[in-house]
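Dear colleague,

I am passing on the structure below, and my notes on one helix and on some of the empty spaces follow it.

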Amino acid sequence: MTVIQPYRIRVKVPSLVGRFDTVIGLEIHAQLQTNSKLFCGCSTTFGVEPNKNTCPTCTGMPGVLPVINEKAVTLGIRAALALNMTINPQSIFARKNYFYPDLPKGYQTSQYDYPLASDGYQDISIDGITTRIRIRRAHLEEDAGKLVHVGSKGIIGATGALVDLNRSGIPLLEIVSEPDIKTPEQAVVYLKMLRDILVFAKVTDGNMEEGSLRCDANISIQPKGSTLLGTRVEIKNLNSFKFLKKALEYEVIRQVGILASGRDIVQETRNFDPASGRTISMRSKEESPDYRYFPEPDLLPLEISPTWIEMVRREMPVLPHQKREEYIRLGVEAEQVEHLLTDLELSSLFDECLAKIQGPSTDFTKWFLNVFIGELSKSGENLRTMKANSDRLAKIYNLMRSGEISSHSATKVLGICLVEQIEPDLIVDKENLRIVKDESLIASKVEEILAAHESQVAVYKSGRTKVLGFFIGEVMKALGGKVDAGIIKRILLDKLE
Amino acid sequence: MGINLTIKSAVRMIKTGQISAVDFTRTYLDKATAMNPSINAYLRLLPDRALHRAREIDRKIAKGEQLGPLCGIPIAIKDNMNLKGVEISAGSRILQGFRSPFNATAIEMLEAADAIIIGITNMDEFAMGSSTENSAFGITRNPRNLEYVPGGSSGGSAAAVAADLALGALGTDTGGSIRLPASFCGLVGLKPTYGRVSRYGIIAYASSLDQVGPFGKTVEDVALLLNVISGFDGHDATSLNQPVPDYTSKLQKSLKGIRIGIPQELFGEGFDEAVRTNVLSAITEFSKMGAEIKEISLPTLDYALATYYLIACAEASANLQRYDGVRFGHRAKGTKSLQEMIKKSRSEGFGQEVQRRILLGTYILSAGYYEAYYLKAQKVRTLIQRDFAKAFDQVDIIAGPVSPVLPFKLGEKITDPLSMYLTDVATTPINLVGIPALSVPCGEANSLPIGLQLMANHMQEQLLLRVAYQYEQNKRGTSDPYPINPRRLGAMVERDQVAPVEMPIDKVAELAYLVISDENKSSLSRDIGDILGYVDLLNKADIEETLPTAHPVPTAQHLRKDEETPFIHPEGTLGNAPDKEGNAFKIPPILER
């Protein structure tokens, strides 16, 4: 392996960046949310012991055959439709041949000449300016397994490796954009939008940390206004929005620097190293493997009928842009809409609650985004781990809304419900949080307080009515804060007159 | 037991209690144990397993339970069919010691029919060969004359039945590997329609050509076996979802009105005179039986052998990439890096012929050669399919020889790969087209059997077996040969007409993860050069506007429901791994230290 010298910027590159256009295309791998693998019945559960989710098929034993998982195709069609793509009536699986120990058959079963879908687009919007990013193709393929190096953190210096094939055969959809992206920022927005769409469409869980969504980028630069395409560099391992942005920004400067110093950019594949924030050469074009693609003889062409496509279209979940319109119709403010749309689970929870709450949705939205989100983050739980469901959230809100408990108590109940499996009513009763509505009880407390503070009564009577606040506070305290201050005030005034 | 005992009569004997399944099985096991050393038909006999199964069957008989159609019948299976818990090696050192974790569907069906698998038979390594001389575990001899090859690649299965060391056997046929040994050993052997029998659990050689089929002493026995192993299998996406008729039910029907086509290409130069005469006289018999004989022409047969070798080797090169020493099979000792381990394991584990075909297949799929070789072959495959389709518009059955030559002596062709390949000239077209074909004995020359090959259109096994059965029943004495105007088969070109083509062997070996020793390099280069020179004849084929054929029998894609079906690796582990840590496969470092 060649030793890679970190690239040194000798010229004042940033000032030159403006003289070049950047051309970026993204390849996104989304893990499809199926129960079983693409070609066998093994589970797709994440994080089990090595090789637990394997069988002869996904370990490439002699004599095994692949059979396509129908759900994976359905999810592929769904994603393609959501991205405005054309579903090809016939797509063909091919074998991509190379040797690597995480690839048990010695070839990956993927689609090559005839992908599942072609020619789509996604519009992205930054500061009110909309740009259309065309999508070239989307194809189905199987994932490879995982290697754990022994004796060293990484590949370098390892004394051996362990092969875990749990991931081998998990269905992926690869979505390839045209090189229509002009800036690292656009790339990030495009990836975010794509992820949101795929997550809302329930195609993938979009979890980048667990590798359910992965991204590679192709990037080249060319002098502004030039029609000559620059030399393309592929960057791998861009598995977070932050990495994608950093890697592309680094790469623009690196490439500008090379051109500025009169050298040529090498067509190659580079790896992003998060530790240094740099991209590192993996292999040049000459070293790129000859994959010897040919049609997979163990599978027939995948025929997708218009009926199938129609069925998928009919069952399409609500997509982010549709949800956005829906929220705006409900009167949710623009900023709040974007907040709700950051997460499918948040938006779904919101929708569920909305169907169960009393009063205007605008009030609830505020409570949901401020109080609920605030308490959730304080509790240390998240949407998946929290104990409350939409029933309980709506219950708490409705108790507050109807004046059964104060907003202060509502927040308290919420805090408990997030971490404990308990009905809000029980907490209200146990903690005695219900607002006192018995006016004779309030009146007797008022009398008690007035009797105990004769001097302040005198002050009031002398015309310094500000002292009323003191009395309200005292009554409130005596009743444990569970009274409407307005009622106390009315009774107080009545008694003082 | 007599050599003439058939499956049909043996089933009757066992069912009626004339002999117990255990005694019957023991008789065959004893005979096989005694005779196998001189033939080497079996790599492994399975006495414990077979007797255990036989006892179960006797118990069923005693209890009066429903019995399967192959009740108590000793069957031999080829070494490329997975049989759970048993060592299966595809005739290769690279799989030596591999214990199968699952059953091939065809094997499950056999056992569900109460057949008894008594042993695993020898074969050319990964089914690559026509003589069973390419096995890592020794050659198999032809029981009819021990100096001769039994044919291949299913030579062990054929020899086992011919020597009556089993009543029937299963083999696989990728380019003639059932029909050729059936012909050489004087048996009936059938290659069914592609997709008729599940390929699940069959160790792949060339996926678009492989098909499982039966060997028997009679056509009726073959029909009985086919009844059992045919049918749809959800584990094989290329399996045909069509009903299975009773293949024995129409055997008695006369041949009146049946049209039999004789392709003049299969009687030209390069076909032994003895073969031609015998096959033609057999065909004369058909006209006496009420069939109509028609001369036909299949001009693209010229290209079939070259097309076959390109497609088969390309698919094989990919199919054999899983043998890398990582998860099972042979792993070379003392290697410092993963790459070295894989290369060394493969080079030590694969025999010469297998390496030759891997190199050839890798080369023709590589960048810059795909169109010239692989894609062209796929297009010519379309032409051949069209030729056969046209022929089947005019005739119901096509007849010809199985092999252009008589059985040959051990060692006669093994050093000359191209001449060995030419043995398959009449059988390979059938696999390219995916139709069913069988070999039925039609005579002898110098005491060596000759096989008549009958071919029918897709899914016409019933007709095919009926024609063969009628022929078999009527075969008495000889008659005058049917006159035919032979056309020289272009495929049988003279050797000196072939200009060898150079292949960058080092580069291809690198892609194929093989290490070629210097001493092997020149002979491999020469042999592959010869083959590449030979396949150049495809340049003459008119493939303009022709679409490639990747799959021989068009059928609907079968999809799985998204259901979890957990698999428990036998003994709770991935038992075949050469090295493990916990449940993970342990391998040398990716980078040399």
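How many residues does helix α11 of chain A have, and how far does this helix reach from its first C-alpha to its last? Helix α11 (residues 407–419) of chain A has 13 residues and reaches 19 Å, close to the 18 Å expected at 1.5 Å a residue, where the expected span is 1.5 Å times one less than the number of residues and helices are DSSP runs of H or I with at least four residues, numbered from the N terminus.

This is a predicted model, in which local features need pLDDT of at least 70 and side-chain atom pairs count only at pLDDT 80 or more, while totals for chains, interfaces and linings use all residues. Residues are numbered from 1 along each chain as its sequence is written, chains are lettered from A and ligands numbered from 1 in the order in which they are written, and side-chain values use heavy atoms, with hydrogens and water left out.

The buried residues of α11(A) (under 20% relative accessible area, 1.4 Å probe, protein chains only) are S409(A), A410(A), V413(A), L414(A), I416(A), C417(A) and L418(A). What covers them includes α9 (361–379), α10 (390–401) and α12 (424–430) of chain A.

As for enclosed space, the structure holds five cavities of 30 Å³ or more, a cavity being a set of points on a 1 Å grid over the protein atoms alone where a 1.4 Å probe fits but cannot get out, with lining residues having an atom within 4 Å of a point. The largest cavity has about 140 Å³ of space, and of the 18 residues that line it, the closest to its centre are F39(A), T57(A), C58(A), K105(A) and E142(A).

Best regards

Terms used: Helices (H or I, at least four residues) and strands (E, at least two) are DSSP runs, numbered from the N terminus. Buried means under 20% relative accessible area, exposed over 50%, partly exposed in between (1.4 Å probe, protein chains only). Contact means heavy atoms within 4.5 Å. On a 1 Å grid over the protein atoms alone, a cavity is a set of points where a 1.4 Å probe fits but cannot get out, and a pocket is an open set with protein on both sides within 12 Å along at least five of seven lines; lining residues have an atom within 4 Å of a point. Grid points are joined across faces, edges and corners, and a volume is the space filled by probe spheres set on the points.
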